[in-house]
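Grab a coffee and work through these exercises with the structure open beside you. Try each task before reading its solution.

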Protein chains: 2
Amino acid sequence: MDPRVPSLELVEPVCAGERRAIARMLSRAEAAGPEAREALDLLYRRTGRAHVVGITGVPGSGKSTLVSKLVAALLESGRKAGIIAVDPSSPYSGGSILGDRIRMGEISSHPSVFVRSMATHGALGGLARGTLEAVDILDAAGYDMVIIETVGVGQDEVDVVRATHTTVVVSAPGLGDDIQAIKAGILEIADVHAVSKGDKPESDRTVSELKSMLGLGLPATGLRRAVPVIKTCSPRGEGVAELLAAIDAHRQYLVTSGEYEGRRQSIRERRMLKAAEQVLHDEFERHRQGRMADLLAELSGASISPHTAARRLLAHIGMEVTR
Amino acid sequence: MDPRVPSLELVEPVCAGERRAIARMLSRAEAAGPEAREALDLLYRRTGRAHVVGITGVPGSGKSTLVSKLVAALLESGRKAGIIAVDPSSPYSGGSILGDRIRMGEISSHPSVFVRSMATHGALGGLARGTLEAVDILDAAGYDMVIIETVGVGQDEVDVVRATHTTVVVSAPGLGDDIQAIKAGILEIADVHAVSKGDKPESDRTVSELKSMLGLGLPATGLRRAVPVIKTCSPRGEGVAELLAAIDAHRQYLVTSGEYEGRRQSIRERRMLKAAEQVLHDEFERHRQGRMADLLAELSGASISPHTAARRLLAHIGMEVTR
């Protein structure tokens with residue numbers, strides 16, 4: 001395939017599930033060129049079949065191993081799986097992309113599995129967009145479940161996790177109370193809890209701690225269903241089938257309760273707002289030298305507040321703010 | 001003071017440093033009423049004196065104790081300190097506001113210290129705005145240093161930390177390699193590193209690990225100065241004077257190198273863009289029933305992509321997007 005083939009010509013091969021076309025489309029989306037935009041818009045209309053699952057947990061929680069076992073279970077049930085691995089945006093984590101691939105090794109070469117690592121280096125706010133467009137591509141390409149694996153820390157990661165249908169939070173036993181506290185920020189977004197390393201004696205305590213925290217939080221957070229806590233031991237394959245069943249049950253719950261369409265709509269709206277923010281940001285950068293010059297001068301003199309400046313920015317761009 | 005006194009009448013008392021006026025203005029800002037907006041705009045012109053310092057570290061890193069000792073050192077040098085404590089947005093952390101106040105107890109009643117806890121519950125994106133407006137108020141009220149204490153996790157927290165002049169990252173020894181990896185995401189934003197619990201034997205290893213990580217990261221991150229790593233032991237008061245000296249030296253460096261004005265300008269621009277996003281978001285919500293109805297229908301049918309929807313949203317609002 002000619003590397004200069006227009007993005008639009010990739011749409012049909014992507015929807016037909018051709019791996020090279022998918023890989024190329026993913027790269028085009030990541031590069032975010034205007035030429036890829038039209039193809040992504042066309043692909044978007046072919047989405048909506050995949051179950052999008054976010055799997056999040058701190059480094060060391062064993063989520064990569066769990067994901068690979070989960071995918072194996074998914075394959076056994078006759079389904080195709082797309083995996084998007086998001087790495088923390090740090091210069092110190094340079095090696096982890098390779099690391100993920102190695103750990104995923106056994107399954108990543110399976111014809112019904114597509115693994116993609118997203119580099120976060122220099123993405124600066126584009127990570128959420130890029131990741132969700134990658135989900136669209138894999139969805140359109142016919143993968144039944146698209147799994148996003150993240151460490152769940154940082155602003156983009158939170159945006160990503162909030163854009164999934166089902167969120168699994170992986171906790172490892174014995175990582176200490178401090179980590180539990182950090183994770184408190186993401187505990188409440190879990191639709192399913194997985195406790196990894198179930199062969200460790202402390203795992204039962206982690207399970208019961210999670211259950212009691214969920215019990216406490218239930219009235220406060222207004223949850224309408226009990227959140228399952230599943231103990232797993234990936235090397236032994238224990239709890240993996242149960243985890244997949246819990247993920248499937250959550251989708252079933254969403255559909256039956258009518259929450260599914262509401263969740264999908266709020267994801268679409270959030271993505272639209274994020275995209276609008278990006279346009280705003282781009283316009284600002286583009287007019288730095290031109291019509292934003294006055295605004296920047298006033299800002300640098302601190303003679304106007306950021307809020308007043310925001311209204312002038314929008315006025316500069318032509319937006320009529322009515323209050 | 002009449003609780004219904006207009007916000008505008010609070011501006012002068014705030015600038016005169018009257019505690020009750022400051023407390024009231026902080027509450028008005030947090031409530032974000034349109035009436036407070038005008039007062040905040042006026043107060044903003046009186047800002048620019050304070051050194052804004054972000055102190056961040058995972059729960060259990062001992063940063064609250066370190067902050068209280070740092071403030072004591074600041075008082076000794078004849079300076080006034082404002083402290084804004086940002087708590088993680090979790091239903092499980094309900095008790096920590098009180099906790100902060102108790103730990104801060106000794107110093108929070110000092111006439112030259114003002115402590116404010118920001119509740120994150122239900123703030124949903126407003127935390128960064130509210131916190132930075134609280135900084136403006138304390139700056140205008142004449143506090144020489146305004147310290148924002150955060151756990152450094154989550155999207156709003158990152159926004160807050162990026163809006164400070166000097167960022168101190170607190171690491172505790174012996175919290176395990178996993179935590180170090182989580183913190184990797186914030187390691188690179190540190191202007192000064194503090195290692196707490198310096199009486200623990202592992203603290204020397206943490207110091208040398210940080211130094212070697214910084215050594216590795218230096219060329220990659222394009223840092224123009226060596227980032228100091230300071231070992232502290234708050235209960236014994238060890239390293240606290242050194243930490244204050246390092247924070248002061250960083251401000252001096254910013255001013256001498258000319259980076260200070262650039263940093264302040266980029267903070268102003270980011271705050272403006274954030275405020276503009278908020279206006280966009282509010283307009284969208286406000287017109288849900290009216291002129292956004294078509295857009296929402298198209299979105300729910302998935303017949304247009306979030307990106308196309310974003311351009312229509314901006315067009316609906318009247319913004320002329322030229323590309």
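**Exercise 1: A glycine in a loop**

Gly17(B) sits in the loop that links helix H1 (11-15) and helix H2 (19-31) of chain B. Keep in mind that this is a predicted model.

Task: work out whether Gly17(B) is buried, partly exposed or exposed, and find which residues it touches beyond those up to four places away in sequence.

Solution:
- Step 1. Count the neighbours: Gly17(B) has 17 other C-beta atoms within 10 Å.
- Step 2. Compare with the cut-offs: buried takes 20 or more, and exposed means 12 or fewer. The count of 17 lies in between, so Gly17(B) is partly exposed.
- Step 3. Look for contacts. Leaving out residues up to four places away in sequence, Gly17(B) touches Ala141(B) and Gly142(B).
- Step 4. Check Ile137(B) too: its C-alpha atom is 9.8 Å from that of Gly17(B), with the two positions 120 residues apart along the chain.

**Exercise 2: The sheet of chain B**

Task: find the order in which the strands of the open sheet in chain B line up, and say which strands are at the edges.

Solution:
- Step 1. Trace the pairing across the sheet. The seven strands run in the order S3-S2-S4-S1-S5-S6-S7, and they pair in parallel.
- Step 2. Pick out the ends: strand S3 (113-118) and strand S7 (229-231) of chain B are the edge strands, as each pairs on one side only.
- Step 3. Follow the twist, which averages 20 degrees from one strand to the next.
- Step 4. Zoom in on one pair. Strand S1 (residues 51-56) and strand S4 (residues 145-150) of chain B are parallel and share six bridges. Val53(B) has Ile147(B) as its bridge partner in S4(B).

**Exercise 3: A strand in chain A**

Task: say how many residues of strand S5 (residues 166-171) of chain A are buried, then find what S5(A) pairs with.

Solution:
- Step 1. Go along the strand: six of the six residues are buried, so S5(A) is largely enclosed by the rest of the structure.
- Step 2. Split the residues by direction. Thr166(A), Val168(A) and Val170(A) point one way, while Thr167(A), Val169(A) and Ser171(A) point the other, and all are buried.
- Step 3. Start with strand S1 (residues 51-56) of chain A, which runs parallel to S5(A) and is joined to it by four bridges. Here Gly54(A) is opposite Thr167(A).
- Step 4. Move to strand S6 (residues 192-195) of chain A, again parallel to S5(A) over four bridges. In this pair, Val170(A) is opposite Ala194(A).

**Exercise 4: An odd phi**

Task: say what stands out about the phi of Lys197(A), and whether the residue is buried or exposed.

Solution:
- Step 1. Recall the general rule: most residues other than glycine have a negative phi.
- Step 2. Read the angle. Phi of Lys197(A) is near 55 degrees, a positive value, and this residue is not a glycine.
- Step 3. Place it: Lys197(A) is in the loop between S6 and helix H9 (203-221) of chain A. It counts as buried, with 24 C-beta neighbours inside 10 Å.

**Exercise 5: Two helices that cross**

Task: describe how helix H11 (residues 259-286) of chain A meets helix H11 (residues 259-286) of chain B.

Solution:
- Step 1. Take the axes: they come within 10 Å and cross at roughly 140 degrees. H11(A) and H11(B) are therefore oblique to each other.
- Step 2. Sort the contact by class: eight residues are nonpolar, two polar and two charged.

How values were computed:
Residues are numbered from 1 along each chain as its sequence is written. Chains are lettered from A and ligands numbered from 1 in the order in which they are written. This is a predicted model: local features need pLDDT of at least 70, side-chain atom pairs count only at pLDDT 80 or more; totals for chains, interfaces and linings use all residues. Axes are lines fitted to C-alpha atoms, for helices over the stretch in contact, and angles run from 0 to 180 degrees between N-to-C directions. Helices (H or I, at least four residues) and strands (E, at least two) are DSSP runs, numbered from the N terminus. Angles under 35 degrees count as roughly parallel, over 145 as roughly antiparallel, 65 to 115 as roughly perpendicular and the rest as oblique. Ala, Val, Leu, Ile, Met, Phe, Trp, Tyr, Cys and Pro count as nonpolar, Asp, Glu, Lys and Arg as charged, and the others, Gly among them, as polar. Two strands pair if DSSP finds at least two bridges between them. Two residues are in contact if their C-beta atoms, placed from the backbone, lie within 7 Å.
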